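Visitor: I would like to learn how to read charged contacts and enclosed space in a structure. Could we take one case and go through it slowly?

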Amino acid sequence: MSRAMLGNSFVAISASAVLGAAALAVLLVWLRKRRSSSATTLPDISVPEALNVLTRAEQREKRAAAARALISILDGEVQVLEEVLEESQGKHPEYGGLLPDGRGLFAMVLGDLSAAGRAIDTQAFADLLLQCTAFDAAWDESDEWNQLTLQTVKHLKEDVKAESQLLSVSGSGSLKAKVNVLRQRLSGDRTASAPEGFSEDAPHTPGMLSMNT
């Protein structure tokens, strides 16, 4: 074999090696992305499961994920808001009911709102409270959704003592604005507007199963 042929063969082998290494690198990047994606994908959750997680999950991040899942379907959904309110009132022992110390769902959410942790999770707890107290000014008090939001405000104010708990929430920017709106609503300004944007589109949000599931 001539020196030229040996040179050509060496170049071909080198090129193949480079291409193989590049393909391997691309494959490794794809696998890492796939693992990362699958690791952050949460299974779908039902409303009763979300209510149970909100009051009983040990990890704050899981409770925040349940809050975001509820936010994604709450707007205008009378049945869902009714389930949330009644769970906080301890009317659903089949879902878990009140905790041994007497706290319910909204008490736990307020505790998480004022606790230290990831900002994105804190936003989720604020957004859930905003959604549950969102009086629709396009309709009057006879509207079923509006009736439930007023009941929720009354429950938060009289049973959960939410006003004093909101005073302990520290934050700035959108979180501070959201807390101020909540305080306004508890003070009687039922149409106080929440800042734009809820956190249901944040990462780590499980899908919601049908209420009939």
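Guide: Let us begin with the charged contacts, bearing in mind that this is a predicted model. Here E61, R68, R118 and D121 are joined to one another in a network of salt bridges.

Visitor: How many salt bridges does the structure hold?

Guide: The structure holds eight salt bridges. One of them brings together the side chains of R68 and D121, with 3.3 Å from N to O. This pair links distant parts of the chain, since R68 belongs to helix α3 (residues 60–74) and D121 to helix α6 (residues 119–132), and the two positions lie 53 residues apart in numbering.

Visitor: Is R68 buried or exposed, and is D121 buried or exposed?

Guide: The way to decide is to compare the relative accessible area with a cut-off, and under 20% a residue is called buried. R68 has a relative accessibility of 0%, and therefore counts as buried. D121 has 1%, so D121 counts as buried too.

Visitor: Which other salt bridge does D121 form with an arginine, and what is the N to O distance there?

Guide: The side chain of D121 also meets that of R118, at 2.9 Å from N to O. R118 has a relative accessible area of 31%, which means that R118 is classed as partly exposed. Both R118 and D121 are members of the network that also includes E61 and R68.

Visitor: Which residue meets R103 in a salt bridge?

Guide: The partner of R103 is D101, and their side chains come to 2.8 Å, N to O. For R103 the relative accessible area is 38%, so R103 is partly exposed.

Visitor: Let us turn to enclosed space. How is empty space within a protein found?

Guide: The general idea is to roll a probe the size of a water molecule over the atoms, which shows where empty space is left. In this structure there is one cavity of 30 Å³ or more, and the volume of the largest cavity is about 50 Å³.

Visitor: Which residues line the largest cavity?

Guide: The lining consists of L110, L129, T133, L156, A162, L166, L182 and L186. The elements that contribute two or more residues to this lining are α8 (162–167) and α9 (173–186).

Visitor: What is the lining like by class?

Guide: Sorted by class, the lining of the largest cavity has seven nonpolar residues and one polar residue, with no charged residues.

Methods
Residues are numbered from 1 along each chain as its sequence is written. This is a predicted model: local features need pLDDT of at least 70, side-chain atom pairs count only at pLDDT 80 or more; totals for chains, interfaces and linings use all residues. Side-chain values use heavy atoms; hydrogens and water are left out. On a 1 Å grid over the protein atoms alone, a cavity is a set of points where a 1.4 Å probe fits but cannot get out, and a pocket is an open set with protein on both sides within 12 Å along at least five of seven lines; lining residues have an atom within 4 Å of a point. Grid points are joined across faces, edges and corners, and a volume is the space filled by probe spheres set on the points. Helices (H or I, at least four residues) and strands (E, at least two) are DSSP runs, numbered from the N terminus. Ala, Val, Leu, Ile, Met, Phe, Trp, Tyr, Cys and Pro count as nonpolar, Asp, Glu, Lys and Arg as charged, and the others, Gly among them, as polar. A salt bridge is a side-chain nitrogen of Lys or Arg within 4 Å of a carboxyl oxygen of Asp or Glu. Buried means under 20% relative accessible area, exposed over 50%, partly exposed in between (1.4 Å probe, protein chains only).
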